[in-house]
Structure formats: structure tokens, C-alpha cells
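Look at how two chains meet. Start from a single pair of residues, then widen the view.

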Amino acid sequence: MTEVVVTGLGIAAPTGLGLDAYWANTLAGVSGLGRVTRFDPSNYPARLAGEIRDFAAEEVLPSRLLPQTDRMTRIALVAADWAFADAGVVPADLPEYDVGVITASHSGGFEFGQNELRALWSKGGQYVSAYQSFAWFYAVNSGQISIRNGLRGPSSVVVTDQAGGLDALAQARRQIRKGTSMVLAGAVDASICPWGWVAQLTSGRLSERDDPARAYLPFDDRAAGHVPGEGGALLVLENAEHARARGARVYGVVAGHASTVDPAPGRDRAPTLQKAIDHALADAGAVPDEIDVVFADAAAVPELDRAEAEAITKVFGPRGVPVTAPKTGTGRLYSGAAPLDLAAALLAIRDGVLPPTVHTTLSERYELDLVTGAPRRADVRSALVVARGQGGFNSAMVVRAPR
Amino acid sequence: MTRRVVITGVGVTAPGSPGVKNFWDLLTAGRTATRRISFFDPSPFRSQVAAEVDFDAELHGLSPQEIRRMDRAAQFAVVTAREAIADSGLEFEALDPSRIGVTIGSAVGATMGLDQEYRTVSDGGRLELVDHNYAVPHLYNYMVPSSFATEVAWASGAEGPSTVVSTGCTSGLDAIGYAADVIREGSADVMVAGATDAPISPITVACFDAIKATTPRNDDPEHASRPFDASRNGFVMGEGAAVFVLEELESARQRGAKVYAEVAGYATRSNAFHMTGLRPDGKEMAEAIRVALAEARLNPEDIDYINAHGSGTKQNDRHETAAFKRSLGEHAYRTPVSSIKSMVGHSLGAIGSIEVAASVLAMQHDVVPPTANLHNPDPECDLDYVPLVARDWKTDAVLSVGSGFGGFQSAVVLANPDRSAR
């Protein structure tokens, strides 16, 4: 079957804009968490976020795009530019229908929607922006990236809560197997605004602590929810033959994927995360011993940490594989989190080093080999990335070192 | 041997009365379900008409708690999925749940719920720092529409690959294409796939007003949706859902299932041109049609009927007319083309699936639904749009297309699985 490789990475995270800044800070264990600055969080029970602090859209995007784009779209457009530059391609130079874009979304351009809803209810319908018809909706990032880069190939958008980023990458692999040479895939999310915050709070999963070093602690006895963040990653996926023919640098191979959804509560059936991992390994033709690191979902909700630790332990054995969660330094980036983890996994393969899980002290109740403190040297040939979404979504992806 | 995918169950919740039978009766009678908006007072708005579903969630078997936690679009999806599952005759309980997946298309998710809840937490738009103490507990499920896929998975017992596909107004076609690909690659054997949207809320009406995409023909709601007619001046918003049971062909045959159609070909392309605009040449839609036909191993001459996007905007009607000519050549002039949006409006992400339902019913009954309200075709739209009256027509292969904000152009080819391959 057609092999699909990753040849470009576009990264925008609270710990760094661009691949080099993100990776250096991630290895150094830098945290991007802090008190929310985009609005006054004083009256809300959760007050910390992983914000991107140094992004100036007006410096990098044409001014005509600003009134018609939500913050997440602006960040995504720039991450897309970086990904193509990193891959060494100008997509418009490729044959007309050879490049597509497939993104995941979590909640669309929520801040844009907030502002227009406010205009509607405080002033009236005639004050709603003409751009509201598309600027907030879930498909907007794929549409805008397609237009900016002249991408006429198969494009799509998936929404699978916080697991969707991997599903977008998997759909990109499907389209490349069906004949498209290249697909930009991944996700960027940003909904740190009052309306987004209030909606997030109802998930019941936000940390209400004020100390950034103690707020998001997966696999820790003190785990009490997560800190939301903004950003993500867009990756250039490419037919391996196509990449070889143009002499592209290859980060790794998208070797396997599977996704599941858990049964309804009260059904007396087992959760399905382990199945997603098993099936992703099978799809990659890999046995557990071949996996050199697991990038965990790391929910930091005790019950969810337990379920994930159990699934990893069942597949790999107690302390059978290094596990890490660098998202502790960025906060959870919603659909952007898993593509960023996948990018980090590819960089771990490139540099032979595992980034640490910051802030966390591993609870004795989990039989995990969690990478904490300093980064760990390791020969990384294959990595597993796990992502879960509210509503019972589980997605798992295996990447391998290039041949 | 490539796995083939067929539709073995159909559910429809369309404007007017829910259910497949009511939907087909409406279409074949050429009746319209468009009316003055009844959900709220539409008088402040430019466009005041919509195609609404007469939907009673409790009557359709949803429990009080389900009704409370689900937005109207999610309610449509669950009720419609149940109809499709029952219609398929497939014993879902006897299947391995990990081999069943869900793909639900939706353009705007829980817009109706979000609109209402924003109004409350902002105290009518007064508070910039909206008040979390007034948020409903399920607001997160409104924020993230993958909750629709969860609800359908719970209703069907699915534990396999499940997601929401959200590509604007092509969502309903793309969800079916996505699900068919998942079965073909072997990641699932059965997919519950379709699309839902319930966008008739003040924020949606206002935003389409702002770009004059919807019709201002408020004095004549029943005849307001007029695709391909020279007098058309915008679409009429609709709502609803259609959901299908998709199965691998061999297993469907083994259990003696009623097979409506094969999902024989699918493709999507983007115009990379404009978030809402279309170039008149229809080039990218024509390319999507060409690739979908190739995947189906059919020639243009094999297409018996085209279910058009037919939204009733001038730019759309001309764009897709050009796309049909470009992709099918002379055969475009010999093929009946119709837009059911003339009767059930444009339900954004849902309509693609509702149109696939109309297409498979056309194959089942050998009847092509008409384009209602088409009295004086736009001279630039010179194909056979089946005006006003349904037509008896032998239909073994259908092309259904969609076009959406974001530049998405999608095509699905449905065919009798026993057709002779080229």
C-alpha cells in the first residue's frame, strides 16, 4: 500500500511559535501556563491558560484577512505557511489538484461567534458581520488555508472533540492512498474568550488552581483537571514516492491509526482505548516491543488517568515503555493537541531524545515509566500518540523513523 | 478485491412531517414545506422564511433527559438514525460493536442551542464577561458538535471509528464519502452515516441576511425557494437530517438485505477561490464529478439523474449548470436534473444527506422528484430541470452534488450494485 510520510511541520504553541522555539522550550521543560490575559478571569472558577503571547497577526497576514478571521484561523494560516516552507514546497507550483488540506476543529472560531452573538443580542441583527456566515464555522481553517495556498485537492474537516487531530491526519493518509500527492493536515484551536471559557467550564474538567506549576498534573496524586491552551500543529503529509522524487527531507512515516468510541454509560461494557491502541499497532504491523515512546493523552482527571494508565500497562506491560506528556507545558490545545504531540514524536525520532512531562510527580498507583524532569536520551524508531475526546472518543497513531 | 459499500437503511427527518414516507410523498407531489419562520418573530430580519420540521422529540421516542441534553440537531440525528437502523433490518446487537462506526455531517453544529444559551449567559448581550452561573450543564456538548456522533453511537451501540464531518454545505455528502472509505479500507463493516443541522435561529438568519444569501420573498413563503428560475433571489434556509446504514456489499447480500444503492464513487475538490463566492466555470465541481465517476467505473452516459445542489442563488445555479456540461458533455442535456431545495429548503450541512436520500428513493421507485416553483428558467440555465411535476424515469445511477462555503465541491455517485462495470 502507498506509504505516507511527513515532510513538513508547522507549529504554534504557548511554548513557542515555530518548530525550533517550540522544541527547544519543550526539551528545556519550559511551561507556557499562566493567568489568563485575554480577558479578566477573576470571577471564573478557572483562571489559568496556555496562551500564545507573542503572535501579531497584523505583521504576518494581509490586512484584508483580519476582519474576516477568528484568532484560531490567523494562527492556522501562519502555521500552514511554516509547514509548507519547512517541507520546501510552494503548493501552487504543484499540479492543480495535487494538494489538499484536512483539519480538525473543536469549537470553530468561537471568539468570532461570541462577538457576533453579542452584536445580535445587544444591538440587533443588522449589526452582525457579513463574515459571521463562515468565520466561526468548523470548516473555516481548511477553507482559508485552501484559498491562501491555492489548494484544490481533496479537503475536509473532522470534529472529534480532542481526538480529532489524529482523525484528520488519518483522513489525509486515506486521501493520499487514493491518489493525492500531498495533504496539509492537523489542527489549530483557540477559544480563550469569556464565552469559550464558560462553555469549557461546563465540561467539569478545568483545573481551578492558581499556581501554574500545580494546575495540570496528569498521573499525579494531585491531578484535578487540566489547563486549556491555544495553538496546535499542521503537518505536510506526502506520498513517500512523491517525497523521494523531489528529494524531500522526511521526518517519519505515518504507519498506523485506529479510533474508537466508548460505549454509553451504564452499558456494562469495557472502555475502548486499549482497542484503539491495539488496532493502531496492528495497522502499523507493529508489536508493542517496537514502540519506543508513548505520547499520552494525559487528561489529569483521576478516573481518566487511571483508564489510560491501565490501557498502556495492558498493552506494554508495567513500566514497559517510556511515556511522556509534554502538553503539561502548553495546556490542552483541544484538537490541536494531538497533531502537536505527533510533531513532537517526529522530533524525538529525529533527535533521539524524549521530552519531559513538566510539573508532574508520578503517582505510585500507576505502573508507568513516565519521563519527568530532564529529557531522556533514547534511540526512537517508533512512537505511539494517544488522544481522547469528551464523549468517549479514542484515537491512536503510530509513526516510524524514515527508512 | 476492493470492498464495496451499499446503503441498506434510510432515515429522513425533513421539513414538513418527519419520516422517509412523508418526505417522499412531499417530493413526488411537488409540494413545498417552506413557510414564514415560526420559531421566533422573524419580522426584524430581511429574510423571514424557512423550511421547518414539525418535530415532536418526545413523540419520536426521546426521553426527557435526552431532550434536555441534546440540541435540536442532535435530536434529529438520533431519531433519524433509529429509523435507518430499523429500516436496515440489521441486528446491531448481534454485531461486534468495534466493527460499527458513526459519521455525522453538520455545518453549524448546535447553533440553535448556542444562540439561546449565549443570550442567557450574556443577559441579552449586556455582559461581555458572560456569567457561568447561568450556563446549562451540557453547554460543552453544544460547543463541540462531535457530541452528535457520541449520541448516535450510543443510540446504535457503535464502538468503532466515529466522528463528525463539518465541511459547510457539503458536509452531508462528505460524511457519506468518509464513511464509505472507512468501510472500504476495512476499519469497519457497518457505518451509521448521514448529516443533521438545525440552523433556524436568529444568529444564522442575521448572518445570511448580511450577505444577502437568503431570499427576501417574504410575501409568498410557499413559493420562495426557486432554484433555476429567472426570478430566484436567494436560498430558503431549512433544517433536518438524513441518516443511512452503510454496509459492505458481500455481508449485506449474505444476510439478504434490501439494498438501496451502492455508494459507488465519491470525490471532493476545492475552488481555492473565495469563502462564499463561486467562479462561473464550475471547473472544480466538474473535476469532483469526473473523479467520482472514475471511482464508480461509470461513464457520463451511465448517469440517469442528477440531484443538483440547486440552492436558488444566481451564482450557484449557473456554476453547477456549467459544471454538469463540463463533466458530462452532451449527456448533461439529456439527463433530468432537479433540486429538492425548492421543496425542503437548504438545511446547510444536512441537505447533502437528505439529497442522497432523495436520490436512493428515486432509484427505488424509478421516479425523479421535480424542481418546484420553476416556471421561467434562467436563460443561462438550459438543462432539463424537471419543472413542477415528478417524472417516471428508470433510474439506476445518480449523481448528487454539493457546493459549500469554504470552496468545497463534492460529488457522490450512487448506482445499482448489479450494473455492468465499464
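## One pair across the chains

This is a predicted model. A:V158 stands opposite B:V165, a residue in strand 5 of chain B. Next to this pair comes another: A:V159 has B:V164 as its bridge partner in strand 5 of chain B.

Which way do the two strands run? Strand 6 of chain A and strand 5 (residues 162-165) of chain B run antiparallel, and two bridges join them.

## Strand 6 inside chain A

Strand 6 of chain A also has a partner in its own chain. It pairs with strand 5 (residues 99-104) of chain A in the parallel sense, over three bridges. Here A:I102 stands opposite A:S156.

In a regular strand the side chains alternate between the two faces of the sheet. In strand 6 of chain A, A:S156 and A:V158 point one way. A:V157 and A:V159 point the other way. Are these residues buried or exposed? All four named here are buried.

## The wider contact

How many residues of chain A are in contact with chain B? The count is 65 residues of chain A, in contact with 71 residues of chain B. Several elements of chain A give two or more residues to this side, including strand 6 (156-159), helix 4 (110-122), helix 7 (164-177) and strand 9 (252-261).

The residues on the side of chain A that touches chain B are of mixed kinds: 28 are nonpolar, 29 are polar and eight are charged.

How values were computed
Residues are numbered from 1 along each chain as its sequence is written. Chains are lettered from A and ligands numbered from 1 in the order in which they are written. This is a predicted model: local features need pLDDT of at least 70, side-chain atom pairs count only at pLDDT 80 or more; totals for chains, interfaces and linings use all residues. Two residues are in contact if their C-beta atoms, placed from the backbone, lie within 7 Å. Ala, Val, Leu, Ile, Met, Phe, Trp, Tyr, Cys and Pro count as nonpolar, Asp, Glu, Lys and Arg as charged, and the others, Gly among them, as polar. Two strands pair if DSSP finds at least two bridges between them. A residue is buried if 20 or more other C-beta atoms lie within 10 Å of its own, exposed if 12 or fewer, and partly exposed in between; C-beta atoms are placed from the backbone.
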